[in-house]
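Trainee: Please take me on a close look at the ligand site, and show me the unusual spots in the backbone on the way there.

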Amino acid sequence: MVSRVIPVDSFDLVIFGGTGDLARRKILPGLFRRFLSGQMQEGSRIIGAARSELDAAGYRKMIAEAVAEFGGEEAKNKKGLAAFLDHLDYVAIDAKGDGGWDKLAQLVRQDVIQAFYFSVAPSLFGELAQRLHANNIANAKSRIVVEKPFGRDLETARALNETLAEHFTERQIYRIDHYLGKETVQNLMAVRFGNVLFEPLWNNHYVDHIQITVAETVSVEGRGAYYDKSGAMRDMVQNHLMQLLCLIAMEPPSQFGADAVRDEKLKVIRALQDIDHHHIVRGQYDAGPDGPSYRDDAENPRSFTESFIAMRCHIANWRWAGVPFYLRTGKRMKARSSEITVVFKDLGHTIFEGDEARHRNILSIRLQPNEGMDLQVTIKEPGPGGMRLIDVPLDMTFAEALGDEEHEVTDAYERLIMDVIRGNQTLFMRGDEVEAAWAWTDPLIEGWEARNDVPKLYDPGSAGPEDAMMLMHRDGRRWRDIKG
Ligand code: NAD
């Protein structure tokens, strides 16, 4: 199936931190693919802005290498790559000083769409925003893109929002969460709100419970010291898992517009109940045959930070009263897999004699690997021999199976960057959403810190600590198997 590509208007995209890891691994390879697809018009330019003393030729060489390494199959298109590189420029700049700003002011045009990607540490956001205005570069229509982490608690997130608000309106700010750029996440909304089949069942009359799992096989090696200050709750739950929870649980927005969708997501976050600490399980991976323990990776033998978390939460509204939402995420788990599962209730009564099995419809929405959905339905086992029932998956795999992680993430980035250029904020987090998410997570974190809660050890390559299994078993339910 050939998808229709609509070119976006000409733009100048300035990437602060354009020589950094994120820019080289994800942002630029993603832009290259959009260029190849014909979405980027001839007049558009990408300007790297970072501390390294490079000229445009040096920057193009750096990006050519990055695209070759991280750009997948498309990077073999040498002619395409050379044409893409022609759109690149570079300014050596100091976010904290005056160096480079004159040159940037000369380069950035005022008559095309301007976007400034802040791919730098959040501590630099304020200075960048201020200097963009002091040097008359940004205007009332410019857009800025900011990366996670957006604060580490409510107080810091609020301070960041206030800093940005001094220079840009909320309409200009794009807080990126690449989970929202995934094909499946958008399809989740299409399936929910584009079909008559699902919405009538999407409530506590028919749904038994919902599970959200984001399992990673990687350790925190290489960024252990950084991760140790954050942990799974801050690094994954507060942003990615809560965003997924919002999309699955929100009321139908009146239209597919940025504020209509984000208003509904915000209501979900505000309706989340406090969680009793018995319904939270935190874990740390132990040492295994192929790697050190979390504490060794974090270089902190007394670390109480979690590399795994599982929890049961409830949304206090009419739709979801009494329906548990089980969330879990962790490092060094048995497979890399992200999945949302909606488990529907049992049939009240079976009409089929001798059928004691419990048949349940299960809708599973896979974010990775192999983005897609399947719906487990009950049918008659084919062949003679009476009415025996079996459960089979009705496969709704819609995205091409891209297979490798870099590709999937790049894919999400490129989609979101094009949304920035189009001025579509639907898949970006609004300031009040981020604050509400921290307002919910802060007391939970403070709770376990006050209790000096020690995370439970789990074997690398497992599904997390035993207590996480018990969290569900106690309720007469079980987690879905984590399959890569
Ligand atoms: P990095 O350390 O690899 O790169 C930092 C970039 O910022 C470099 O280009 C550097 O030149 C530039 N820089 C630093 N100080 C500067 C200054 N004073 N003036 C101008 N430029 C300056 O970092 P990264 O991994 O690319 O991450 C960038 C941001 O994205 C961070 O906020 C990070 O938390 C976030 N992020 C990164 C990833 C990832 O996969 N790398 C994922 C999610 C979020």
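**From the backbone to the ligand**

Mentor: Happy to, and let's start in a loop: R332 lies between strand 10 (325-330) and strand 11 (337-344). Keep in mind that we are looking at a predicted model. R332 is not a glycine, yet its phi is positive, near 55°. Most residues other than glycine have a negative phi, and most peptide bonds are trans. With that background, two prolines deserve a glance as well. The bond joining K148 and P149 is cis, with omega about 5°, and P149 is found in the loop that runs between strand 5 (143-146) and helix 6 (154-165). Another cis peptide bond goes from Q368 to P369, where omega is near -10°; here the loop is the one between strand 12 (362-368) and strand 13 (372-380).

Stepping back for the overall frame, the protein has 14 helices and 15 strands. Its C-alpha trace spans about 80 × 55 × 45 Å along the principal axes. The radius of gyration is 24 Å, which agrees with a compact globule, because 484 residues packed that way would give a value near 23 Å.

Now for the part you asked about. The ligand sits in the second largest pocket, and 21 residues surround the ligand. The closest of these are T19, D21, L22, A95 and V120. Which element supplies the largest share of this shell? That is helix 1 (residues 21-37), with four residues. In chemical character, the shell divides into nine nonpolar, seven charged and five polar residues.

The polar contacts will probably interest you as a chemist, so let's take them by ligand atom type. On the oxygen side, a ligand oxygen is 2.9 Å from a polar backbone atom of L22. L22 therefore appears twice in our picture, given that a polar contact is a pair of N or O atoms within 3.5 Å: L22 is among the closest residues and also takes part through its backbone. A ligand oxygen is also 3.1 Å from an N or O atom in the side chain of K26. On the nitrogen side, a nitrogen atom of the ligand is 3.3 Å from an N or O atom in the side chain of D94. As for cover, the ligand on its own has 830 Å² of accessible area, and the protein covers 74% of that.

Definitions and conventions
Residues numbered from 1 in each chain as written. Predicted model: local features only at pLDDT ≥ 70, side-chain atom pairs only at ≥ 80, totals over all residues. Heavy atoms only, no water. Near = heavy atom within 4 Å. Polar contact = N/O pair within 3.5 Å; in protein donor to acceptor, adjacent residues only side chain to side chain. Areas by Shrake-Rupley, 256 points an atom, 1.4 Å probe, with all protein chains shown as cover. 1 Å grid on protein atoms, 1.4 Å probe; cavity = no way out; pocket = protein on both sides within 12 Å on 5 of 7 lines; lining within 4 Å. Sits in = over half its atoms within 2 Å of the grid points. Helix = DSSP H or I, 4+ residues; strand = E, 2+ residues; numbered from the N terminus. Nonpolar A, V, L, I, M, F, W, Y, C, P; charged D, E, K, R; others polar. Rg over C-alpha atoms; globule rule 2.2 N^0.38 Å.
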